[in-house]
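Visitor: I have just opened my first protein model, and I would like to learn how to read it. Could you take me through some of the features, one by one?

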Amino acid sequence: MDGVTAPPRDAVTVPARGAATGPAPASPPTPAALTAAARIVAAPDGRGGTALPVLAGEGPFALRRTGRRGGPEASVTLVGAMSAPLGGDRLTLTVRVEPGAALRFTTTAATLALPGRTGARATYDTRITVGEGARLHWLPEPLISAHGSDLWTTTRVELAPTARLVLREEQVLGRAGERPGRLRSRLTVCRAGRPLYDQELSYGPGAPGWDGGAVLGGHRAVGQLLVVDPRLADEPEESRPVGPTAALMPLAGPAVVLTAVAPDALELRRVLRPEEIGVTRAKGAVEGAAADATHVVILTD
Amino acid sequence: MAASSLAPLLVLADGRFPAGGHAHSGGAEAAVAAGRIRDVPSLEAFCRGRLHTAGLTSAGLAAAAAAGLDPLLLDEAADARTPSAALRAAARRLGRQMTRAARAAWPSAALDSLAAARPRGAHQPVVLGVAARAAGLRPTDAAYAVAYESVSGPVTAVVRLLGLDPFEATGVLARLAPDVDAVALAAADAAVRALVEGVEALPAASGPLSDVMAEGHAGWPVRLFAS
């Protein structure tokens with residue numbers, strides 16, 4: 001699995017399974033809905049590296065600093081500490097990458113949306129700001145929409161003009177052989193205060209036509225790899241297909257998105273490779289995990 | 001709002017309005033080639049998905065333009081909602097054509113200044129909304145025109161591409177009518193919110209397979225439709 005982000009073994013607490021974020025075969029007893037928040041602030045440490053002055057999470061948000069210290073980049077891994085989001089949960093994750101800092105965010109396991117006791121919708125809102133000259137790799141494992149779940153997720157990224165972003169988002173509709181729940185997911189990226197990318201995906205019961213030929217065409221995994229980099233203004237990417245159901249598409253700005261639909265999560269990950277995009281092939285862009293011998297790949301299923 | 005005339009809506013939404021829409025299949029040509037549209041049920045599923053994704057998003061932009069939001073902000077919002085470069089180019093070509101037709105039909109300072117600011121064409125739904133406003137139509141009317149066009153285009157194209165029975169094809173459009181109502185009203189509601197909250201209140205619904213297939217289709221050496 002090329003391109004899989006690999007958290008280091010020593011820093012990762014393997015989450016409790018069963019009711020946790022792995023694709024559990026049966027729904028666990030449903031606890032009451034919860035409201036939980038987490039915050040990450042990454043800032044230059046004054047020695048050419050990145051410090052994490054704020055790394056705070058509660059409930060399902062167990063955040064760990066991972067990776068080698070002393071490098072220019074700080075790595076944070078979200079460890080699945082309990083099953084979430086369940087119906088009715090309200091989760092918020094706030095991230096600030098201060099000017100000149102570099103942050104890499106990963107998760108140890110897929111996020112599994114499960115039904116709650118009341119049938120209420122769960123929400124999961126991520127708010128990210130990336131300052132001047134700062135860099136963010138946002139590479140979580142997929143979001144899986146389990147049958148009967150109802151999740152509305154929003155991700156809003158505000159980039160300074162010289163900020164760089166590599167963001168991967170993957171959604172899997174239903175566990176193996178299962179019909180999906182209701183999933184609505186909006187990703188909004190603004191650069192210098194102007195809209196750059198704004199896409200909402202909506203699937204499952206209550207999303208008319210989601211499985212037809214205009215939206216998914218029977219596929220069960222969908223994702224996008226978005227790269228924003230001022231260097232793309234000088235080295236633009238050409239539009240091109242990446243296999244039969246994926247394409248690399250330059251946006252109206254120094255950004256490019258690789259959008260793909262696939263039969264399953266594994267096929268999707270094979271297509272969403274940062275190496276497809278020139279500026280992320282350049283030195284200093286996708287190094288890290290793959291180059292570091294202490295890292296292992298944690299498979300979620 | 002004062003009672004408005006509906007007749008201009010018939011002019012604007014008429015398939016014979018000379019805005020170039022007949023040259024576009026709304027992604028249907030690529031979907032037919034990939035075997036995703038093969039008969040009436042798969043055409044209907046395609047159109048329902050397109051209506052609730054690209055149709056809703058375009059209808060929101062048109063309704064907002066008709067409500068008086070800054071068309072240049074809406075044009076930027078349309079770019080952000082159209083990841084496919086091929087579809088952005090198609091939307092601007094259609095917008096330029098519609099600007100010409102609309103300026104002849106409903107001369108207005110708003111259409112003149114949009115044409116001056118975007119000489120190569122603004123996104124077509126934005127132009128349609130400005131034209132609707134110039135014609136004295138309401139935001140809801142503009143949303144209806146765009147929502148309906150998002151499905152009538154593919155249906156008409158598939159009649160030609162598959163030799164589908166035109167009576168059956170029209171049945172698809174009739175069955176989609178409640179969905180067109182819902183989408184147009186949702187788009188108009190969002191436009192009202194956008195007046196207060198800004199363009200982020202507008203729908204951004206997208207169909208990933210449509211974007212991906214549009215990029216491939218634009219590279220075909222021979223094709224019947226421009227998009």
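Visitor: Let me begin with a single side chain. Is Arg135(A) buried or exposed?

Guide: This is a predicted model, so every value here is computed from its atoms. To judge a residue, look at its relative accessible area: under 20% is called buried. Arg135(A) has a relative accessible area of 12%, so it is buried.

Visitor: Which residue does the side chain of Arg135(A) meet in a salt bridge?

Guide: The partner is Glu73(A), with N and O 3.5 Å apart. Arg135(A) sits in strand S9 of chain A, while Glu73(A) sits in the loop between strands S3 and S4, so the pair ties together parts that are 62 residues apart in sequence. Glu73(A) counts as buried too, at 11% relative accessibility.

Visitor: How many salt bridges does a search of the whole structure find?

Guide: It finds 30 over all chains. Let us look at another one in chain A: Glu276(A) and Arg273(A) meet at 4.0 Å, N to O. Here Glu276(A) counts as buried at 17% relative accessibility, whereas Arg273(A) is partly exposed at 24%.

Visitor: And what about chain B? Which residue does Arg92(B) pair with?

Guide: Arg92(B) forms a salt bridge with Asp79(B), at 3.1 Å from N to O. Arg92(B) belongs to helix H5 and Asp79(B) to helix H4 of chain B, 13 residues apart. Arg92(B) counts as buried at 18% relative accessibility, and for Asp79(B) the value is 18% as well, again buried. Salt bridges can also share partners: Arg184(A), Arg186(A), Asp198(A), Glu200(A) and Arg81(B) are joined in this way into one network.

Visitor: You mentioned helix H5. How should I read a helix?

Guide: A handy general idea is that an α-helix has 3.6 residues a turn, so residues three or four places apart point the same way. Now take the case here. H5(B) has 21 residues and spans 30 Å from its first C-alpha to its last, close to the 30 Å expected. Its buried residues include Arg88(B), Ala91(B), Leu94(B), Gly95(B), Met98(B) and Ala102(B).

Visitor: What do the buried residues of H5(B) pack against?

Guide: They pack against strand S17 of chain A, together with H1, H4, H6, H7 and H11 of chain B. Have a look at the N-terminal end of H5(B) as well: Ser84(B) caps it, with a side-chain oxygen 3.3 Å from the backbone nitrogen of Ala86(B).

Visitor: Now the two chains together. How do I describe an interface?

Guide: The size of an interface is often given as the accessible area lost when the parts come together. For chain B and chain A that area is about 2,600 Å², 60% of it on carbon and sulfur atoms. You can also count residues: 34 of chain B are in contact with 35 of chain A.

Visitor: How many salt bridges and polar contacts cross the interface of chain B and chain A?

Guide: The rule finds three salt bridges there, one pair being Glu76(B) and Arg194(A), whose closest N and O atoms are 3.0 Å apart. It also finds 14 residue pairs in polar contact. On the chain B side, helices H3, H4, H5 and H11 each give two or more residues to the surface that touches chain A. The residues of that side divide into 15 nonpolar, eight polar and 11 charged.

Visitor: What does the secondary structure of chain A come to?

Guide: Chain A has two helices and 18 strands. Of its 301 residues, 58% are buried. Gln224(A), in strand S15, is a good one to click on: it counts as buried at 5% relative accessibility. A polar contact of 2.3 Å joins its side chain to that of Tyr197(A). Gln224(A) also touches residues including Leu167(A), Leu187(A), Val257(A) and Leu272(A).

Visitor: One last feature, the backbone angles. What is there to notice about Ala192(A)?

Guide: In general, most residues other than glycine have a negative phi. Ala192(A) has a positive phi of about 50° although it is not a glycine. You will find Ala192(A) in the loop between strands S13 and S14 of chain A, where it counts as partly exposed at 44% relative accessibility.

Methods. Residues are numbered from 1 along each chain as its sequence is written. Chains are lettered from A and ligands numbered from 1 in the order in which they are written. This is a predicted model: local features need pLDDT of at least 70, side-chain atom pairs count only at pLDDT 80 or more; totals for chains, interfaces and linings use all residues. Side-chain values use heavy atoms; hydrogens and water are left out. Contact means heavy atoms within 4.5 Å. Buried area is the accessible area (1.4 Å probe) that two parts lose on being put together, summed over both. A polar contact is a pair of N or O atoms within 3.5 Å; within protein, one must be able to donate a hydrogen and the other to accept it, and residues adjacent in sequence count only if both atoms are side-chain atoms. Helices (H or I, at least four residues) and strands (E, at least two) are DSSP runs, numbered from the N terminus. Ala, Val, Leu, Ile, Met, Phe, Trp, Tyr, Cys and Pro count as nonpolar, Asp, Glu, Lys and Arg as charged, and the others, Gly among them, as polar. The expected span of a helix is 1.5 Å times one less than its number of residues. Buried means under 20% relative accessible area, exposed over 50%, partly exposed in between (1.4 Å probe, protein chains only).
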